[in-house]
Amino acid sequence: MAKEVVIESLMKSGSFWFPEGATSITNRVDGLFYFILAGSIILFVGICATLVYFLYKYRRTEANPVATSNITHSTILELVWTIIPLILCLFIFWWGYKDYLSMSTPPGNALEIRVIGKKWLWQFEYPKEGVKTLGELVVPVNRPIRLVMGSEDVIHSFFLPNFRIKRDVLPNRYTRLWFEAERTGNFQIFCSEYCGDAHSAMLATLRVVTEAEYKEWLKGGSGASDEPLPELGKRLYTKNACNTCHSIDGSPSVGPTWKGMYGHNVSLVDGTSVLVDDAYIKESIEKPNAKVVKGFQPIMPAYAGVMREREILALIEYMKSL
Ligand SMILES: [Cu+2]
């Protein structure tokens, strides 16, 4: 189940602690993290140093056998170590709450995109534009985007490290996230809630493009390029997550290997067999449960309506070439 991970966005730049941020909110989130980290280090070192110093200073010696016996308490000291941490905690709370609020209330003019998580892929739907994509979220730069997310099976979690946003995607309710990209580029999307065998391969790419490129993309869609069919098919094999369950070199996986599949007969669970031709492949992609291959579980997600005809043809051509 090898999967190419495009983690350029995570590794190329950024700091020791964080991948590069792509919005202004990321600076505020990171700022709070650094503030708490620095505060913790200062307090930790300060407390340890005082502790060691006091251990030494008030140790029992022959000259001073009961050095600490007459210490009871100090009201001033107790007020100081109660009030200063209280102020610090309130400040951290105020900082976190302020940013939490702005991160959870999308502006009214946000572009709404639906996200569907299922084992093991991400599907995106642009309701107003009537476009669906798999494994690729394309958004215009400098426009607030609101994601309304749901799952078709188990709990997943939508994680965009470069934007510092992550939220669970649940089967029985809708969750929301919003962000506004401030520069163009490609960013990695992860599933960060363990959801089964190919969880680690449940990846998608966020592509932030200019407004003009976005309009162009909406019109054309990903399957409308002039790319030769076998090459497009090869790309779709990873982009549409087929590779999480199908190998192309004959090695065993969750689903049957594609190597040498085309043009041969396969046995089905109902005892019959069928020739793997174009029609069977198209049906297997759109309605995988119509004919289930013997020895496998009917767990392949249905791709009906999310793939264009040219994309299906491309996959068929690619399978033929294996
Ligand atoms: Cu998942």
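**Entry 1. Surroundings of V115.** I began with the contacts of V115 in this predicted model. Setting aside its neighbours within four places in sequence, I found V115 in contact with W122, F124, L147, M149, F158 and V169.

**Entry 2. The core around V115.** I then looked up the largest nonpolar core and found that it has 38 residues. V115 is listed with L137 and I189 as the residues with the most contacts inside this core. I next asked which elements give two or more residues to it. They are β1 (111–118), β2, β4 (136–140), β5 (145–151), β6 (156–160), β8 (175–179), β9 (185–191) and β10 (204–209). Of these, β9 gives the most, with 4 residues. I also noted that domain 2 (111–220) and domain 3 (226–320) both give residues to this core, so the core lies between them.

**Entry 3. A separate core.** Apart from the core that holds V115, I recorded another core, of 11 residues. Among them are L232, W258, I285 and M319.

**Entry 4. Domains and their contact.** I checked how the protein chain is divided: domain 1 spans 24–104, domain 2 spans 111–220 and domain 3 spans 226–320. For domain 2 and domain 3, I read a separation of 24 Å between their centres, taken over C-alpha atoms. Their contact takes 12 residues from domain 2 and 10 residues from domain 3. On the side of domain 2 that touches domain 3, the elements giving two or more residues are β2 (121–126) and β3 (131–134). By class, I found 5 nonpolar, 2 polar and 5 charged residues on that side of domain 2.

Methods:
Residues numbered from 1 in each chain as written. Predicted model: local features only at pLDDT ≥ 70, side-chain atom pairs only at ≥ 80, totals over all residues. Domains from an automatic or database assignment. Contact = placed C-beta atoms within 7 Å. Nonpolar A, V, L, I, M, F, W, Y, C, P; charged D, E, K, R; others polar. Core = buried A, V, L, I, M, F, W, Y, C linked by C-beta atoms within 7 Å. Buried ≥ 20, exposed ≤ 12 C-beta atoms within 10 Å, placed from the backbone.
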